[in-house]
Each structure stands twice: as structure tokens, then as C-alpha cells.
Amino acid sequence: MKTKWTSSKIILILFSIAIIAVSLFVFLLYFTLKTKSRDISNEKPFVEWIGKPLVLNAETILVKEDKANYDNSKFPYLLTDSTSYNYDDLVRRNQIRIDKSEPCDVCDITFLETFPAGTVVTFHKAVMTIGGVSGSANLILYGIVKHNNQEYAVGYYWGREDHSKRADTSGFGMKRYYKFSQAPWQTKQDTTRYAIKDAQW
């Protein structure tokens, strides 16, 4: 039996196709632009430091950042020090906030406390996040700092992409090389460049 194609059936089919196409586009756009994350706790160099009490050999600073790129719902503070790649930016933003010298929509940070050398931190996991819009990667350690009988849940940025090297340019599952400054718990800098696979979802 032949199907009778009426104008209402054709409109209904075209409308259904349009709805499916728009839904698919929105779905793909969401997964393209959303921030992606991946647990990298078992990868080098992080695996060496996860789950161990680490004595900090240098002075560190506890920072509160309202609009954070890290998981500040469970880890409301940021730990930083003078070797951290974002330290100068944090200092600048904090100073602008204090001085009110210029408009700044990212000056939502406060330097709360300075921890002396000898303070202990224990990291429980390391996470890579990839910004959906920028495509830039952040490597963040999450853990607990113990100081003066108090505990602070912190994130610590460690590692930057080495743009001079690329492990793989094939796209899906791409790896990038990362270099690491001397962290405050290290006695010397690890100069190895580590290839770490991108977070995908």
C-alpha cells in the first residue's frame, strides 16, 4: 500500500528533522564548550606525591578566590607560593583589590594567611581540567594543609604546558607535554617533560 504524502505529513516530517538537528547541534555544542576534567592522580609526576604527608620547604600562602577555575565547592582555598606560575598574577589581582586602583572583574581574591616552612600538606588527588572555550589545560592537586591545629582544603596549581613540544597532533586523545616548577615540597626541580593525555569529557 502506497503512503499518501499530504502537506501536513511532509511538514510534520520536516519539523521532526529540524528538531532532531537542532537538538544534536545543542548537544555537540554543550560537549564542545563544557569544561572537561580527568583524574591524573596515577600519572607521573603526581603519583609520586599523592597520599603522602609532604613537608613544605618554603613559605606558602593561603588564598580565597571567589570565581575559581578549581573545585572550590569542596576545596575553598588555593595554596600558592612564589614558584607557582600564577603567583605574580594573584599578587597583582590582590593588590588591585586592596588599592581599588583600576576596574577589575577578576580581583575577587584575598590573601588570608602565610604558612611557614615546615607546614604539612597531603594531596589526595590530581585533576586536569580543559577549558571548553579557551582549550587551555590546568593541572591541579587537591588536598589538606594542616597548620596550628587547623585543616584547610586546598587546590594547588602545578605544571604548565610546554608549547615548544607536542606529543601528538592527531586531535582525539591528544597528549601535551608539561613542565613543572620546583614545588615547595621538593628539594630540587624535576626537569623532565611529561606527556599527559587531555581530558575528553
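This report walks through a predicted protein model, from its overall layout to its cores, one helix, its salt bridges and its surface.

**Overall layout**

The protein has 201 residues, of which 37% count as buried, and its secondary structure comes to 2 helices and 11 strands. Followed along the sequence, these elements appear in the order α-β-β-β-β-α-β-β-β-β-β-β-β. If one takes the contacts between residues at least 6 apart in sequence, 59% of them join residues at least 24 apart. The protein exposes about 12200 Å², and carbon and sulfur atoms supply 56% of that area.

**The nonpolar cores**

In soluble globular proteins, nonpolar side chains tend to be buried together. In this model, the largest nonpolar core has 29 residues, and those with the most contacts inside it are F46, L141, W158 and W185. Four strands, β6 (120–130), β7 (137–147), β8 (150–157) and β11 (194–197), each supply at least two residues of this core, and the largest share, 5 residues, comes from β6. Apart from this core lies another, of 13 residues, which includes Y87, I109, V127 and Y157.

What does W185 touch, if residues up to four places away in sequence are not counted? The residues in contact with W185 are W49, L54, V55, L56, N57, F123, L141, Y156 and W158, and two of the names in that list, L141 and W158, are also among the residues with the most contacts inside the largest core.

**Helix α2 and what covers it**

Helix α2 (residues 87–99) has 13 residues and reaches 18 Å from its first C-alpha to its last, which is close to the 18 Å expected at 1.5 Å a residue. Its buried residues are Y87, L90, R93, N94 and I96, and what covers them includes the strands β3 (60–65), β4 (77–80) and β5 (109–115). Y87 has already been named as a member of the 13-residue core. After the helix comes K100, whose phi is positive, near 55°.

Strand β3, which helps to cover the helix, is also the place of T60. T60 counts as buried because its relative accessible area is 0%. Leaving aside residues up to four places away in sequence, T60 touches L79, T80, D81, E113, T114, F115 and P184.

**Salt bridges**

The structure holds 9 salt bridges, and the table below sets out three of them.

| Pair | Closest N to O distance |
|---|---|
| E65 and R93 | 2.8 Å |
| R92 and D89 | 3.1 Å |
| E151 and K146 | 3.8 Å |

The side chains of E65 and R93 meet in a salt bridge. E65 lies in strand β3 and R93 in helix α2, so this pair ties together parts that are 28 residues apart in sequence. Both E65 and R93 are buried.

The bridge between R92 and D89 is placed otherwise, for both residues lie in helix α2, 3 residues apart, about one turn of the helix. An α-helix has 3.6 residues a turn, so residues three or four places apart point the same way. Are R92 and D89 buried or partly exposed? R92 counts as partly exposed because its relative accessible area is 40%, and D89 is likewise partly exposed, with a relative accessible area of 31%.

The two pairs just described belong to one network of salt bridges, which links E65, D89, R92, R93 and D108.

In the third pair of the table, E151 forms a salt bridge with K146. E151 counts as exposed because its relative accessibility is 52%, where exposed means over 50%, and K146, at 51% relative accessibility, counts as exposed by that cut-off too.

**A nonpolar patch on the surface**

Although nonpolar side chains tend to be buried together in soluble globular proteins, some nonpolar side chains of this model lie at the surface. A nonpolar surface patch of about 360 Å² is made by I10, I13, L14 and I17. One of these residues, I13, lies in helix α1 (residues 7–33), and I13 counts as partly exposed because its relative accessible area is 37%.

Terms used:
Residues are numbered from 1 along each chain as its sequence is written. This is a predicted model: local features need pLDDT of at least 70, side-chain atom pairs count only at pLDDT 80 or more; totals for chains, interfaces and linings use all residues. Side-chain values use heavy atoms; hydrogens and water are left out. Patches are made of residues with over 30% relative accessible area and no salt bridge: like charges are joined within 9 Å, nonpolar side chains (Val, Leu, Ile, Met, Phe, Trp, Tyr) within 5 Å. Accessible areas come from the Shrake-Rupley method with a 1.4 Å probe; for residues, only the protein chains shown count as cover. A salt bridge is a side-chain nitrogen of Lys or Arg within 4 Å of a carboxyl oxygen of Asp or Glu. Buried means under 20% relative accessible area, exposed over 50%, partly exposed in between (1.4 Å probe, protein chains only). A nonpolar core is a set of buried Ala, Val, Leu, Ile, Met, Phe, Trp, Tyr and Cys residues joined through side-chain atoms within 4.5 Å. Contact means heavy atoms within 4.5 Å. The expected span of a helix is 1.5 Å times one less than its number of residues.
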